[in-house]
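Here are some short exercises to work through with a structure viewer open. Try each task before you read its solution.

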Amino acid sequence: MFYLYGIIDKPNTELALPQGFGDDTVEVVICGDEGAEVGAVVSEIPSEPARDRNSAHTHMNVLTTLMQHCMILPLQFGIVFLSRDELVETVNRLHASLWEDLRRLNGQVEVNVKVTDRSPLLNKPVCEVAGEPGEDETPSRNEEPSVRYVTSKGANIKIRAQQSRGNELLAETIQAPFAAMVTGKIWKAVPSPSGRPQITANFLLPREQFDAFQCGVKDLKETSPRLDVRITGPWPPFSFISEEGAVKAVVEAAIAEQSAAAENAAVTVAKNAATNEAG
């Protein structure tokens, strides 16, 4: 079987390839038509890798090593084709779209930023207003359950509204300084038990802008000490591969092949069992 890490352009020169699963050097399988050829970065493996931290690290190491030398469309961890023929057929069928995605994202990297606003909250945390008093409060043990429910419900609404608006303001704050250097951005709210605004933001930017981006984050920390800002990257552009694009189709093809194989195996087992009973 063949483990697929990602898709690259057909190398024009000899490419230094990293080690993948089994400590063997990964292989680049060339697919597609001349002039729009792509390379599937794979390892031939005897069985699927364990779904653990070490395997995930191996997967990411291959991607981050290759991205230093070429553009790579990263695949999620765990994509396996049962045969080389099925792998080649799938990538051949989708090579034109994969080639276009490589052109669209060429020379760009992804940077992840997590931001928490540590400013004092306007409303109390839910636990304090829902029947679990703070240090300076006395519990109301005789309060009717219906009153506690309504109080808790109203507090939750206030907390959610406060956090939602805070998240939007936080997203504006973190995106504004980098508007001129990024080519794509995505953000989402991250649940915070304290009720404080907290988001993660993914930025797509030219590789040569990464140092400037880091300087911008440093400036933001200095000018806005209320913000806890954490940055990781650069990474391959996981978040900016179209959900409806060719990479998704490659993943679906691998899953479909494995499902069909599992179904065939189950049918074979059932037939053998029926034959044994008849005998």
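The exercises below use a predicted model and look at its cores, a buried polar residue and a helix.

**Exercise 1.** Find which members of the largest nonpolar core touch the most other members.

*Solution.* Start with the core itself, which has 35 residues. Within this set, Ile-174, Phe-203 and Phe-213 touch the most other members. Next, trace where the core comes from: β1, α1, β6, α4, β8, α5 and β9 each supply at least two residues. Now zoom in on Phe-213. Beyond its neighbours within four places in sequence, Phe-213 is in contact with Val-111, Val-113, Phe-178, Met-181, Val-182, Phe-203, Leu-205 and Ile-231. Finally, look for a second, separate core; this one has 28 residues, including Val-38, Ala-40, Val-42 and Phe-240.

**Exercise 2.** Decide whether Gln-108 is buried or exposed, and find its surroundings.

*Solution.* First locate Gln-108 in strand β6. Its relative accessible area is 13%, which is under the 20% cut-off, so Gln-108 is buried. Then check its side chain: a polar atom there lies 3.2 Å from the backbone oxygen of Arg-104. Leaving out residues up to four places away in sequence, Gln-108 touches Met-71, Thr-183, Leu-204, Leu-205, Pro-206, Arg-207 and Pro-237.

**Exercise 3.** Work out which residues of α1 are buried and what covers them.

*Solution.* Begin with the helix span: α1 has 14 residues and reaches 20 Å from first C-alpha to last, close to the expected 20 Å. Its buried residues are Ser-55, His-59, Val-62, Leu-63, Thr-64 and Leu-66. Their cover includes β1, β3, β4 and β9.

Key
Residues are numbered from 1 along each chain as its sequence is written. This is a predicted model: local features need pLDDT of at least 70, side-chain atom pairs count only at pLDDT 80 or more; totals for chains, interfaces and linings use all residues. Side-chain values use heavy atoms; hydrogens and water are left out. A nonpolar core is a set of buried Ala, Val, Leu, Ile, Met, Phe, Trp, Tyr and Cys residues joined through side-chain atoms within 4.5 Å. Buried means under 20% relative accessible area, exposed over 50%, partly exposed in between (1.4 Å probe, protein chains only). Helices (H or I, at least four residues) and strands (E, at least two) are DSSP runs, numbered from the N terminus. Contact means heavy atoms within 4.5 Å. A polar contact is a pair of N or O atoms within 3.5 Å; within protein, one must be able to donate a hydrogen and the other to accept it, and residues adjacent in sequence count only if both atoms are side-chain atoms. The expected span of a helix is 1.5 Å times one less than its number of residues.
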